[in-house]
Amino acid sequence: MFGSPPLRHQIVLLVLVAIGFALPPFVPEYYLFLLNSLMVWAALALGLDLLMGWSGQFAFAHMAFFGVGCYGTVILTKQLDLPFLLAMPGGALIAAVVGFLVAIPSTRLRSIYLALATFAFAEGARFVFNSWTGLTGGPDGLRIPTMTIAGWKMTSDRQVFPVLAIILAMLLFATQQIVRSRFGREMSAVRDSEHVAMASGIDVRRVKVLAFTVSALYSGIAGGMYALINSFINAQQFGMDGAVLALSMVVVGGMGSIPGVLIGVVLIGLLPVVLQTKLRSMQLWQELIYGVMLTLSVTFMPRGIWGAVTGALRGRR
Amino acid sequence: MLTLALFQGIASGVITGSVYALLAISIVIVFKSTEVVNFGGGEMLMSGTYLAMMALVAFDMPYVAAFGFVVVGMFVLGISFEAGILRVIAGRGRHGQLTLVALVVATVGLSYILKGVMRLFSYTEQARRLPSLFRGPPVEFGQVLLQRQDLVIVGIAVLVMLLLFAFFQFTFTGKALRAVSQNPRASSLVGIPVKRMRTAVWGGASILAGIAGVLIGAKFPVTPDFGGTVVLLSFAAAIIGGFNSLPGCVLGGVLLGVAQNLVGLYFSSAAIAVTPFVVIMAVLIIRPEGLLSGRSVLRKV
């Protein structure tokens, strides 16, 4: 569980990058678009899982940080004319700083205050996106200029695909390192029992604030990735529905495990696409479908699909 | 003229505030007895509005019967959710924070289920208001005009709060519930059926949310998305009270209702969306234990 990750995990990452470069010429643009959005969701869900699955804290604001990262990236590109490789980290950093500032007062007394404060923050952020017209374009939204990476103009999903694959591989690598580090073990200790963690000399509040900040950073990076695959953003895209979608990915796939989260991202991410072809009134039914899925899986499959599968395999052996 | 608008704003803030207070109380009694924050509270409130609409419009009931319909419907909803879902999750044993996360996720799931179910009914397609609770010419207090219905809304809210207070203070079951929230293990040792009590709390909390829904539905047009806005204000109200005090919820609800109206009056009606966040952050920074409690209370091991 701890120590440096085994070699085969690193090989998976290299394979991901290799696919990123090899796949685009052979796959239709539409499928690349789908894969691109799945990679964005994966970045968001990995960050949410660090907070929820690894440190046992609950927060609602990931769509808002996603929005901050996305607007940040676009605005830095537009106003300061920065290249993507500077604008995206800039946007993500802003998201992390905002996250840090929200987390400090919210972790002072009860652990549930973080969830409550972030729930309110999500609404407040949407209001700011909607009304800071000079910066975000307000309700009219913002057209995203063509991003440039090392002189290359990113105009199609085909060109963006390898970039996103590299970013996701780096995030996966970082996640593996984080959960195996001292900080990762501290997060798990806080998750399993705050009192025992405190008694073992862990600064519980510092761990919570740091976990939340890192988690916001991931969301900000995901927001930057989102700016790369879209040509237009407005406040509507960063609402509660996205937050519940990310939550479903983590919970249904399996909290606290990287393969579990990735399974959740693929299944839940593709569900609307599949349902839209089968069900005309998808819009009408989707809330009910997500609600039932979320409730039933958290009740009867506590460790998600990945936990159920590995549990069954272990049981047979 | 401006002061008149101010007084009018304060008066109507007290009215909506009493409804936020009801929902805040519903959320806090659940939190005190189970440590779960009910993120489905807003949708429970919204379900109460639509249950009343169903009773009034489809079944042609009078208002009193509609209240009864809402009470029974919400009670069944609350106890089945607790017994069917939450008890299963909590019964898996101790997994530290993960159990708590799972319980909270279940309430998020509930909020989406309720929203999804309500959307299937045809009268939720557009914003609709319940019929007036009470008709008649407005009443004058000095220069401030108040609708008779608004007085009835506050009256019912206060009546429900008083009944609740009497229940917790004077009945045997109420005292047992307070014991359970203070120390579940000792309560079960003296023979209080802790599990059944938790189910009852969810039933009662759902009824409170449902009644709040009827009251606010008679004043404002409602959509299935309406619950999310109200619950945010109720969370803020509960945090003002330290998330463990019922009088604190009432104070918080009224403060929030008034603050919301004043923000609408002096800034913009859109800025109301940030009011709960600003209030929550201000309380957490300045006085995280809430306005009413004397000292910060740390959880026992």
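**Figure 1. Ala150(A) sits out in the open, on a loop of chain A.** This is a predicted model, and our first close-up looks at a single residue. Ala150(A) counts as exposed because just 8 other C-beta atoms lie within 10 Å, and the cut-off for exposed is 12 or fewer. You'll find Ala150(A) in the loop that joins strand S2 (147-149) to strand S3 (152-154) of chain A. Which residue, 66 residues away along the chain, has its C-alpha atom 8.7 Å from that of Ala150(A)? That one is Phe84(A). A word on confidence here: S3(A) has the lowest mean pLDDT among the elements of chain A, at 77. At the other end of the scale is helix H10 (residues 204-229) of chain A, with the highest mean, 95.

**Figure 2. Chain A comes in two parts, domain 1 (7-238) and domain 2 (239-317).** Measure between the centres of the two domains, taken over C-alpha atoms, and you get 20 Å. Where they meet, 23 residues of domain 1 of chain A are in contact with 17 residues of domain 2 of chain A. On the domain 1 side, the elements giving two or more residues are helix H2 (29-54), helix H3 (62-80), helix H5 (113-131) and helix H7 (157-180) of chain A. Which of them gives the most? H2(A) does, with 13 residues. Sorted by class, this side of domain 1 of chain A has 15 nonpolar, 6 polar and 2 charged residues.

**Figure 3. Helix H3(A) is largely enclosed by the rest of the structure.** Why say enclosed? Because 16 of the 19 residues of H3(A) are buried. The length of H3(A) agrees with expectation too: at 1.5 Å a residue, its 19 residues should span 27 Å, and the end C-alpha atoms are 26 Å apart. Just after H3(A) comes Asp81(A), with a positive phi near 60°.

**Figure 4. Helix H11 (240-253) of chain A is another largely enclosed helix.** Here 11 of the 14 residues are buried, so H11(A) is largely surrounded by the rest of the structure. Among the buried residues of H11(A) are Leu245(A), Leu247(A), Met249(A) and Val251(A), along with Ser248(A) and Gly253(A). How far apart are the end C-alpha atoms of H11(A)? They are 20 Å apart, in agreement with the 20 Å that 14 residues should span at 1.5 Å a residue. Right behind H11(A) is Gly254(A), whose phi is positive, near 140°.

**Figure 5. Chain A and chain B meet through 40 residues of chain A and 42 residues of chain B.** On the chain A side, the elements that give two or more residues are helix H4 (84-106), H5, helix H8 (182-192), H11 and H13 of chain A. By class, this side of chain A has 25 nonpolar, 9 polar and 6 charged residues. For the complex, the predictor gives an ipTM of 0.88 and a pTM of 0.90.

**Figure 6. Helix H3 (residues 63-90) of chain B has a kink of about 35°.** Where is the kink centred? Look for Glu82(B), which is also one of the buried residues of H3(B). Other buried residues of H3(B) include Phe67(B), Met74(B), Leu77(B), Phe81(B) and Ile85(B). The buried residues pack against helix H13 (282-300) of chain A, and also against helix H2 (41-58), helix H4 (97-119) and helix H8 (194-217) of chain B. From first C-alpha to last, the 28 residues of H3(B) reach 38 Å, close to the expected 40 Å.

**Figure 7. Glu35(B) and Asp60(B) are two loop residues with a positive phi.** Glu35(B) isn't a glycine, yet its phi is about 65°. Its loop runs between helix H1 (2-34) and H2 of chain B. Buried or exposed? Glu35(B) is partly exposed, because it has 18 other C-beta atoms within 10 Å. Asp60(B) isn't a glycine either, and has a phi of about 60°. Look for Asp60(B) in the loop between H2 and H3 of chain B. With 9 other C-beta atoms within 10 Å, Asp60(B) is exposed.

**Figure 8. Residues 296-301 of chain B have a pLDDT below 50.** Chain B as a whole averages 88, and 95% of its residues score at least 70. Beyond near neighbours in sequence, the stretch 296-301 of chain B has 5 contacts in the model. Where pLDDT is low, the predicted coordinates shouldn't be read in detail.

How values were computed
Residues numbered from 1 in each chain as written. Chains lettered and ligands numbered in written order. Predicted model: local features only at pLDDT ≥ 70, side-chain atom pairs only at ≥ 80, totals over all residues. Domains from an automatic or database assignment. Contact = placed C-beta atoms within 7 Å. Helix = DSSP H or I, 4+ residues; strand = E, 2+ residues; numbered from the N terminus. Nonpolar A, V, L, I, M, F, W, Y, C, P; charged D, E, K, R; others polar. Expected span 1.5 Å × (residues − 1). Bend = angle between axes of the 7 residues up to and from the residue. Buried ≥ 20, exposed ≤ 12 C-beta atoms within 10 Å, placed from the backbone. pLDDT = per-residue confidence, 0-100.
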